[in-house]
Amino acid sequence: MTQVTLLTTTDCHLCHHARQVLDRVAADHPIDIDEVPVETERGKRLAAEANLVFPPGVLLNGQPFSYGRLSERKLRKTLLAAP
């Protein structure tokens, strides 16, 4: 199972979009989604470690995957290629 960390902020339309993408992908792939507000201490630490330019940020198994608008196509392709 792939651990997905979604770093979000309040009133962020791209964060809402990313959550919708993750929900759709979760129907087809075994992923565990952990949504973390960037405003929290943990969120600040994760964002700094991932060099998050702006939210939403997506980490796959703790590794930076994307920030900004989440590409469903790229995510599905990456998950299919994962062992």
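Is E41 buried or exposed? With a relative accessible area of 61%, E41 is exposed, and the points below place this residue within the model, which is a predicted one.

1. The sheet. Four strands form an open sheet in which the order is 2-1-3-4 and the pairing is mixed. Strand 2, covering 31-37, and strand 4, covering 63-67, stand at the edges with a single partner strand each, so one side of each of them has no neighbour in the sheet. On average, and with direction ignored, neighbouring strands of this sheet are turned by 25 degrees against each other.

2. The pairing of strands 1 and 2. Strand 1, made of residues 2-8, runs parallel to strand 2, and the two are joined by seven bridges. Within this pairing, T8 is found opposite P37 of strand 2.

3. The helices against the sheet. Helix 1, residues 13-26, lies across strand 1 and strand 2, and runs at about 165 degrees to strand 2. Helix 2, residues 41-49, lies across strand 1, strand 2 and strand 3, the last of these being 57-60, and runs at about 110 degrees to strand 2.

4. Salt bridges involving helix 2. The structure holds eight salt bridges, and one of them joins D34 to R42, with 2.8 Å between the closest N and O atoms. Both residues of this pair are partly exposed, D34 at 24% relative accessibility and R42 with a relative accessible area of 39%. Another salt bridge brings together the side chains of K44 and E41, at 3.8 Å from N to O. These two residues are three apart in helix 2, which means that about one helical turn separates K44 from E41. K44 is partly exposed, its relative accessible area being 46%, whereas E41, as stated at the start, is exposed at 61%.

5. A salt bridge within helix 3. E72 and R76 both belong to helix 3, residues 72-81, where they sit four residues apart, or about one turn of the helix. The salt bridge between E72 and R76 has its closest N and O atoms 3.0 Å apart. Relative accessibility is 21% for E72, which therefore counts as partly exposed, and 22% for R76, which also counts as partly exposed; the cut-off that matters for this reading is that buried means under 20% relative accessible area.

6. A wider network. The pair just described is part of a network of salt bridges that links R24, D28, E72 and R76.

Key
Residues are numbered from 1 along each chain as its sequence is written. This is a predicted model: local features need pLDDT of at least 70, side-chain atom pairs count only at pLDDT 80 or more; totals for chains, interfaces and linings use all residues. Side-chain values use heavy atoms; hydrogens and water are left out. Two strands pair if DSSP finds at least two bridges between them. Axes are lines fitted to C-alpha atoms, for helices over the stretch in contact, and angles run from 0 to 180 degrees between N-to-C directions. Contact means heavy atoms within 4.5 Å. A salt bridge is a side-chain nitrogen of Lys or Arg within 4 Å of a carboxyl oxygen of Asp or Glu. Buried means under 20% relative accessible area, exposed over 50%, partly exposed in between (1.4 Å probe, protein chains only).
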